[in-house]
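Could you walk me through this structure? I am new to it and would like a guided tour in plain words.

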Amino acid sequence: MLGFTQLVLCDVEGEGICTDASTHNFSGLPGFEASAAGERGVSFLENQRILYTVPIVYEGSIFGVLAGERDKANMQALIATDGFDGNSVSCIIDRDSNVVISPTNLDFFFALDDLFVANKDPELASAVREMQANMQANVSGVIVFTTPDGVDVIMSYDPLETFDWVLLTILPADIISHDTDAYIQHTFRLSTAVIVLFSLILAVMCGIYYSHRRQLEHIAFVDPVTGGMNNARFQYSCRRVLDGAKPGAFTVVSLNLMDYRLINEIFGPKEGNDTLRHVMQVLGRHIRPDEAAARGEAGHFFLCLHEHREDAVIARLGEIRADVNAFNAQRETPYYLTLLAGAYLVQEPGLDITVMQDRADAARKSKPAENGRCAFYDAGITARMHLEKELVNLLDSSLANRDFKVYYQPKVRLRDGQVASAEALVRWQHPQKGFIYPSDFIPVFERSGDICRLDLYVFEEVCAMLAGRLAQGAPVFPVAVNLSRRHFQTTDFLQRFADIRDQYQIPGGLIELELTESIFFTVGDILNVKEAIRRMHELGFLCSLDDFGAGFSSLGLLKSFMVDSVKLDRSFFLDDSQRAHDVVESIVELARKLGIETVAEGIEAPEQVDFLRSIGCDLVQGYVYARPMPAEELEAWMRARHGGEVTQI
Ligand code: C2E
Ligand code: CA
Ligand code: CA
């Protein structure tokens, strides 16, 4: 398998057997003694064959020698190389420069004999000396020289690890240089391709990077819903203009699209988003190059206007509001988008933009929701906000401690002077803060959203009162409970009221729900209110329209909404002119024709009562008869008034 012509196996004395089956004493073989002592050896037999000898070691001790003989031709085949298209020639020499294995093609070497032996060329002579030194030092190297027949050759010498031999390879230099040219060209082509490829990759990567950057910028700075600026971009832009601005040159405005969430709920999110986009487009049209407009959260927008006068800000906002609602010109039934505004005149341009926005927000929230107004920030607003926060913080404990008391104000029927019903009005009797009026906390809870919980509390108190009287067999009267418009933000809120009422087993028709007139302008969808009224009746509640005339009352409301009664706001009776009387008279007349009961609210003077009686108003509620009072007091009051009799329903 390994190309040996013969193998010999013998003991340390040299007694052994050969592969040709002959037995001899082989101790005379070259290298035998060294191998019997544990070394490997290689020797030459008649300069034509190579003899390898190796010790046979078993468990640490030498018990024999294995010798193998190979043909030289066999070795020559080994060093014959196909490299460089067969143009190279190799041989193996030992470190003393004796040839160990010569190549089959010896022409080269014969030709070289002269050269090396003659040593005519001093340069070559020194290279040869260097080579000899290197070989001794086990270092490989290259010699370049010209043969006597004028061929440039390269000779490399590589010391082999085995047996201190050295591999010599000689080849014509032009093969290398030819290959080198090809190699250089190839390398050039390759590197050009690599450069082009890398440039392409780089270009693509740059493209991807920039498009990612644009995307990131888009995500970071563009409001996905409206395509306008988002808040981060707004703050960035504001910072840039405000950094060089004088105090009081700019105004930051907070705008809130009233009932945006409701629009979402009633019309669906697409319509909601379209509305936001519409508002953003209008804002975009109205701002100048050094100003900014952005959307915050939900229906919340911010403006940074280059205005320093309140009237200028108000005028600009007026234009914006008109433009936002301009679409109504084409609509049969108008739908008004209300933008509530608060503004902060930037007196301290170095302030954090968020603080400026908070101030504008605080100003906006400081006044009741009312279209067309803009509240401006002042230091008092923050103080009031703190107070409001304090009230909101007190709510939970007060609900738990029953600090809220329900007072009742009777509604007197003008026809017979009997108490027809009463309105439940909440009072806050705080153990530390003292008596707090609804006007001081109702708007606060309206803004914070806690009003719904309070309304449910009042409603339950009313049910408990009625249930107590029913249980005692005492006479009961219908009670009107106020419902905040905030309830309309949740679907089927009425069911919760009905559940509480049923829990107390209060018969239908004993509870009236008062909806404030502004609900028709704020809830947005008239159908929704119509549906709520229908549902109230279905659940056995009466429904009354409160504060009629306080806002943008329309007689059309009476026609469209199937309410049981309408409460004419106190403001109607503050004006004593004939004209005001005429208005009240026609409303009462219209209501009567529509089968709606009329209640005059906030009546203080007996002459007003006479007038109301003369025009056929059904009920009067006001200080002229009684102030709101606790249920027990009301009963006592009724007894006194009716000579001990309380109207039994
Ligand atoms: P409102 O529903 O319009 O209630 C009538 C208000 O007019 C009551 O004020 C009542 O005390 C007052 N009032 C009655 N007669 C006269 C009068 O002759 N002259 C004058 N000047 N005022 C009179 P109040 O109790 O301070 O309540 C204020 C508002 O707070 C209520 O107005 C109502 O909107 C709200 N409110 C009261 N209780 C509740 C409640 O439980 N839930 C809700 N959502 N709102 C409530
Ligand atoms: Ca009311
Ligand atoms: Ca009212």
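Asp547 brings a polar side-chain atom to 3.2 Å from an oxygen atom of ligand 1, which fits the definition of a polar contact: a pair of N or O atoms within 3.5 Å (within protein, one must be able to donate a hydrogen and the other to accept it, and residues adjacent in sequence count only if both atoms are side-chain atoms). Glu601 also takes part, with a side-chain N or O atom 3.3 Å from an oxygen atom of ligand 1. Asp455 instead faces a nitrogen atom of ligand 1, with a polar side-chain atom 2.7 Å away. Taken alone, ligand 1 exposes 790 Å², and the protein buries 83% of that; such areas come from the Shrake-Rupley method with a 1.4 Å probe, and for residues only the protein chains shown count as cover.

Before going on, a word on how to read all this: the model is predicted, local features need pLDDT of at least 70, side-chain atom pairs count only at pLDDT 80 or more, and totals for chains, interfaces and linings use all residues. Residues are numbered from 1 along each chain as its sequence is written, chains are lettered from A and ligands numbered from 1 in the order in which they are written, and side-chain values use heavy atoms, with hydrogens and water left out.

Now look at the wider shell of ligand 1. There are 22 residues around this ligand, and Gln409, Arg427, Asp455, Glu604 and Tyr623 come nearest; a residue is near if one of its heavy atoms lies within 4 Å. By class, the shell holds 9 nonpolar, 5 polar and 8 charged residues. Strand 18 (419–430), helix 12 (438–448), helix 13 (451–472) and strand 22 each supply at least two of the shell residues, and strand 18 gives the most, with 4. Helices (H or I, at least four residues) and strands (E, at least two) are DSSP runs, numbered from the N terminus.

Next come the calcium ions. Which residues hold the calcium ion (ligand 3)? Its protein donors are Asp546 (OD), Asp547 (OD), Glu601 (OE) and Glu601 (OE), at 2.1 to 2.6 Å. Donors are N, O and S atoms within 2.8 Å of the metal (3.2 Å for Na, K and Ca), and sites may look incomplete because water is not among the atoms. Asp546 lies in strand 22 (residues 542–548) and Glu601 in strand 24 (residues 597–601), so this pair ties together parts 55 residues apart in sequence. Both Asp546 and Glu601 are buried, meaning under 20% relative accessible area, with exposed over 50% and partly exposed in between (1.4 Å probe, protein chains only).

For the calcium ion (ligand 2), the protein donors are Glu423 (OE), Asn482 (OD1), Glu514 (OE) and Asp546 (OD), lying 2.2 to 2.3 Å from the ion. Glu514 sits in strand 21 (residues 511–516) and Asp546 in strand 22, so they join parts that are 32 residues apart in sequence. Glu514 is buried at a relative accessible area of 1%, and Asp546 is buried at 5%. Asp546 bridges the two calcium ions, ligand 2 and ligand 3, which lie 4.0 Å apart.

Finally, turn to the aromatic rings. Ring pairs link Phe404, Trp428, Phe441, Phe445 and Tyr457 into a cluster.

Methods. Nonpolar A, V, L, I, M, F, W, Y, C, P; charged D, E, K, R; others polar. Phe/Tyr/Trp six-rings, centres within 6.5 Å; stacked < 30°, edge-to-face > 60°.
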